[in-house]
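Biologist: Before I rely on the labels attached to a structure, I would like to hear how each one is justified. Could you take me through the reasoning?

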Amino acid sequence: MKTILQIVLWIACIVLGYLIYQSVNAPIEFNKVRKERFSEVITKLKDIRNAQEAYKSVNGKYSGNFNNLIKFVDTGSYTITQQRDSSFMRFDKVYQIELQKDTIIIDTLGFVKVKDSLFKNDDRFKSLMEVPYAQNGEKFEMKADIIEKSGYKAPVFEAKVKKSIILHDQPKDLLDRENAHVSVEEVNGTEIKVGSLTDVSTNGNWPPIYDRKNE
């Protein structure tokens, strides 16, 4: 009986030690996984933002779906222009004399492929919609709209993904804690996103530390 009791106590000690270790180590491992995965997702969102800004510069609005956006990046071009001041003489009927008129001349210098400008020799733009680490092939949600701000109609867009998709294999209690974050040093809320459908903004909701990491 004494031997059995000792064995039971040793097993209990091992189990208790393991539970204590997990309680300390699990949050550390979670934070490591979270930062690594969030960094890749944010890099992807920045690519989406760059592609959207290029699309808007050519089309005057943002794209509402990835098929059009990817096709634009693959085949679209920027027009390179040069602006210069000029002047000419025009007869003024009021004063009955020739008067100098100032004007601006815009010269077209050439064209540059969007994919060469944004992605160089990388074809990662073809998978803009794919969420890194998604278990079931989930895609980023993306929408575009025109909103009115101070009497001005402005194009806007938003791309986002839920944290639960990125951290699908992590402990639920730690994920719940992550979704409840309210801090300037964390990605607040249940989603990681860039842009807004209610404000004229192309900012992301991540803290500056992720920008520094990418740089």
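Modeller: What follows is a set of questions on the labels used here, each with the reasoning behind its answer.

Modeller: Please keep in mind that this is a predicted model. The protein chain has 6 helices and 5 strands, and along the sequence these follow the pattern α-α-β-β-α-β-β-α-α-β-α. Of the 215 residues in the protein chain, 31% are buried.

Biologist: Why is Phe 157 called buried?

Modeller: The label buried is given under 20% relative accessible area. Phe 157 has a relative accessible area of 0%, and therefore it is buried. Tyr 62, with a relative accessible area of 11%, also falls under the 20% limit, so it is buried as well.

Biologist: What makes the pair of Tyr 62 and Phe 157 tilted?

Modeller: Two rings form a pair if their centres lie within 6.5 Å, and the pair is tilted when the angle between the planes is neither under 30 degrees nor over 60. The ring centres of Tyr 62 and Phe 157 are 4.9 Å apart and their planes stand at 55°, so the pair is tilted. The two residues come from distant parts of the chain, 95 residues apart, with Tyr 62 in the loop between α1 and α2 and Phe 157 in strand β4.

Biologist: How do you know that the pair of Phe 119 and Phe 125 is tilted?

Modeller: The reasoning follows the rule for ring pairs, with a limit of 6.5 Å between centres and with 30 and 60 degrees as the bounds for tilted planes. Here the centres are 5.7 Å apart and the planes are at 40°, so the pair of Phe 119 and Phe 125 is tilted. Both of these residues are buried, and the count of aromatic pairs comes to 3.

Biologist: Which residues have the most contacts inside the largest nonpolar core?

Modeller: They are Leu 45, Ile 48, Phe 66 and Ile 192, in a core that has 38 residues. Several elements supply at least two residues of this core each, including α2 (66–75), β4 (152–162) and β5 (191–195). The largest share, 10 residues, comes from α1. Leaving aside residues up to four places away in sequence, Ile 192 touches several residues, among them Phe 38, Leu 45, Val 161 and Trp 206.

Biologist: Why is Glu 191 called buried?

Modeller: Glu 191 has a relative accessible area of 17%, which is under the 20% limit, and so it is buried. Its place is in strand β5. Not counting residues up to four places away in sequence, Glu 191 touches Lys 160, Val 161, Lys 162, Lys 163 and Asn 205.

Biologist: Why is Arg 90 called partly exposed?

Modeller: Partly exposed is the label for residues between the 20% limit for buried and the 50% limit for exposed. Arg 90, found in strand β1, has a relative accessible area of 47%, and so it is partly exposed. The C-alpha atoms of Arg 90 and Gln 100 are 6.3 Å apart in space, while the residues are 10 apart in sequence. Among the residues that Arg 90 touches, not counting those up to four places away in sequence, are Ile 97 and Leu 99.

Biologist: What makes Val 94 exposed?

Modeller: Exposed is the label for over 50% relative accessible area, and Val 94 has 69% relative accessibility, so it counts as exposed. Val 94 lies in the loop between β1 (77–92) and β2 (97–113), and with Tyr 95 and Ile 97 it forms a nonpolar patch on the surface, with about 360 Å² of accessible area together.

Biologist: What is the sign of phi in Lys 120?

Modeller: Lys 120 has a positive phi of about 55° although it is not a glycine. Most residues other than glycine have a negative phi. Lys 120 is in the loop between α3 and β3 (141–149), and its relative accessible area of 58% is over the 50% limit, so it is exposed.

Biologist: Why does Ser 150 count as exposed?

Modeller: Ser 150 has 84% relative accessibility, which is over the 50% limit, so it counts as exposed. Ser 150 is in the loop between β3 and β4, and its phi is near 55°, a positive value in a residue other than glycine.

Notes:
Residues are numbered from 1 along each chain as its sequence is written. This is a predicted model: local features need pLDDT of at least 70, side-chain atom pairs count only at pLDDT 80 or more; totals for chains, interfaces and linings use all residues. Side-chain values use heavy atoms; hydrogens and water are left out. Helices (H or I, at least four residues) and strands (E, at least two) are DSSP runs, numbered from the N terminus. Buried means under 20% relative accessible area, exposed over 50%, partly exposed in between (1.4 Å probe, protein chains only). A nonpolar core is a set of buried Ala, Val, Leu, Ile, Met, Phe, Trp, Tyr and Cys residues joined through side-chain atoms within 4.5 Å. Contact means heavy atoms within 4.5 Å. Patches are made of residues with over 30% relative accessible area and no salt bridge: like charges are joined within 9 Å, nonpolar side chains (Val, Leu, Ile, Met, Phe, Trp, Tyr) within 5 Å. Accessible areas come from the Shrake-Rupley method with a 1.4 Å probe; for residues, only the protein chains shown count as cover. A salt bridge is a side-chain nitrogen of Lys or Arg within 4 Å of a carboxyl oxygen of Asp or Glu. Rings of Phe, Tyr and Trp (its six-membered ring) pair if their centres lie within 6.5 Å; planes under 30 degrees apart count as stacked, over 60 as edge-to-face and the rest as tilted.
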